Amino acid sequence: MSLLKTAKQGKTRGDATALAEAISTGESSCTGVMVAALAAATDHSGLGAICHLDSDSGIAAAMAMERERITEHVRFSARPFAGVPTLAKDLGGPFAGFPVNAGSHALEGRAEGSADSDIARRFRDAGFCLFGLTTSPEFGLSLASEPARGPICRNPLDPARTAGGSSGGAAAAVASGIVAIAHATDAGGSIRVPAACCGLVGLKPTRGAMPGGPLFGNHLGGIASEMAVCRSVRDTALIFQTLRGKAKGPYADPVAPDHSESKFRIGFLTGTGALYPTDDERCQTVTEATRVLEADGHKVVPLKWETLEKSAATSQRVFAGIVSVNLARLADSAAIDMELAEPLSRAFAERGHRMAGTELWGILNDALHVSYNVWALFETVDCILTPMLSFAPPAIGSFPTDHVDTELHLDRMATFAPLASLANVSGFPAITLPFGRAKDGLPLPVQLLAPMGHEPVLLAVAARLEAEERWHHRFPVAGLAA
């Protein structure tokens, strides 16, 4: 069986696809599943995954889908996630009727979004029933989701630890089974890091694959992308196919080549250098993954950290510059009172205000060189396998925001996920998934990167690794029979 066929099949239980199938066949009802999701949200409220709950909107959306299932079944059946409950992130979108506070006191009390973004409309067209927003750090500036306005988001697998950021609330909601899939965004690892922390699958798509209009408020110079955190590779493949394309700028739609029966050249990296070292257990996980792929007939090619070290460091610097300028611009254009924001956010905004135009131009040019250098790697390999995190998700409070040392904060994030921002700055797609269980019971995630437009390769290889079943979800999905 080809890897692409494996990607299409994926897991067959405990995910959003299975929930959609149960609803479509009448085994479950849209309203019944929504009631179960709302109950699970209450049961798991201590995780702090949800910052805004709107049960009335959820029930109304589920009832509308249930009516459609009965009266317009052909239309209902054409929706890949018809009746599936979901949550939007409190950053990105927007989704009409839901307030976006970006985890900040400074945005509280502003009017709810009056219109969907392009990607929000695609979520609704896919059949999802929205009932709330998930927790993110203030303005998405952290790899932990612990905004001062609350709630503090905790890892369902160990509530003393972070669920990651900035899509930590989304990952906690999916891992705990409140929902089977949730909207997420990724500008510096913000889909992949929380997915890695919580034992989920997270794809950062190719630059330009996902719509960002009409406001492009979360575009961030091209480093940001919106999609979802998922419980399976097949869910990831399906939602990617559902949301992608016709983004209406500023890039052409990526075109995927045909790799239908390919054996791939897979470069692999088992270390991340002396400055940001990865622990032995996670390095060994990458090695074990290469053995599985090599046994399947793929060529595995060892890579040295030096081949990515400069690009990774430059990516971290580019990320810092872009998010600083973006926050400064947002504060000015939206007349945000930054005195209401957290100290670290104020410091990033001030950093952005101090940045000269020539410095910003240099940062944007550096990003082009990162992309060029990563392209060169793909002249010899089809995808690259790396660690996703350097160590286990740290304790709550490990990424404090009550200080103004932006360099310290950036260094803490780079130490935890040294290769996270590389995919964002280069524009290449990257996916993370769990490939084992650590001694502490937490997931051992790996990351795959591929050339632009080559998501089918990532999904195929990820599906093959997932098929080893080295990780199993701890919590069932609300509304889905075991």
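In this predicted model, helix 2 (residues 16-24) and helix 9 pack against each other at an angle of about 75°, and their axes are 8 Å apart. Because angles of 65 to 115 degrees count as roughly perpendicular, helix 2 is described as roughly perpendicular to helix 9. On the side of helix 2, the contact is made by Ala16, Thr17, Ala18 and Glu21, while helix 9 contributes Arg234, Asp235 and Leu238. By character, the residues of this contact between helix 2 and helix 9 divide into three nonpolar, one polar and three charged.

## The three-stranded sheet

Three strands form an open sheet with the order 1-3-2, and the pairing within this sheet is mixed. Its edges are strand 1 (50-53) and strand 2 (85-89), each of which pairs on one side only. From one strand to the next, the twist averages 40°. Strand 2 and strand 3 (residues 129-134) run parallel and are joined by four bridges; in one pairing of residues, Ala88 has Leu133 of strand 3 as its bridge partner. Helix 3 (residues 30-43) packs on this sheet, where helix 3 touches strand 1, strand 2 and strand 3, and the direction of helix 3 makes about 15° with that of strand 3.

## A buried glutamate in helix 4

Is Glu68, a residue of helix 4 (residues 55-71), buried or exposed? Its relative accessible area is 7%, and since buried means under 20%, Glu68 counts as buried. The side chain of Glu68 makes a polar contact with the side chain of Arg79, at 2.7 Å. Leaving aside residues up to four places away in sequence, Glu68 touches His73, Arg75, Phe76 and Arg79, so that Arg79 appears both among these neighbours and as the partner in the polar contact with Glu68, a residue that is itself buried.

## Backbone features in two loops

Most residues other than glycine have a negative phi, and most peptide bonds are trans. Against that background, the loop between strand 7 (201-204) and strand 8 (225-230), where Pro214 lies, holds a cis peptide bond that joins Gly213 and Pro214, with omega about 0°. Phe216 lies in the loop between strand 7 and strand 8 as well, and the phi of Phe216 is near 55°, a positive value in a residue other than glycine. With a relative accessibility of 31%, Phe216 counts as partly exposed.

A second pair of such features is found in the loop between helix 9 (233-243) and strand 9 (265-268), where Pro250 has its place. Here a cis peptide bond joins Gly249 and Pro250, again with omega about 0°. Lys246 is placed in the loop between helix 9 and strand 9 too, and the phi of Lys246, near 50°, is a positive value in a residue other than glycine. Lys246 has a relative accessibility of 67%, and because exposed means over 50%, Lys246 counts as exposed.

The relative accessibilities of the three residues discussed above are set out below.

| Residue | Relative accessibility | Class |
|---|---|---|
| Glu68 | 7% | buried |
| Phe216 | 31% | partly exposed |
| Lys246 | 67% | exposed |

Terms used: Residues numbered from 1 in each chain as written. Predicted model: local features only at pLDDT ≥ 70, side-chain atom pairs only at ≥ 80, totals over all residues. Heavy atoms only, no water. Buried < 20%, exposed > 50% of the residue type's maximum accessible area, 1.4 Å probe, protein only. Polar contact = N/O pair within 3.5 Å; in protein donor to acceptor, adjacent residues only side chain to side chain. Contact = heavy atoms within 4.5 Å. Pairing = 2+ DSSP bridges. Axes fitted to C-alpha atoms, helices over the stretch in contact; angles between N-to-C directions. Parallel < 35°, antiparallel > 145°, perpendicular 65-115°, else oblique. Nonpolar A, V, L, I, M, F, W, Y, C, P; charged D, E, K, R; others polar.
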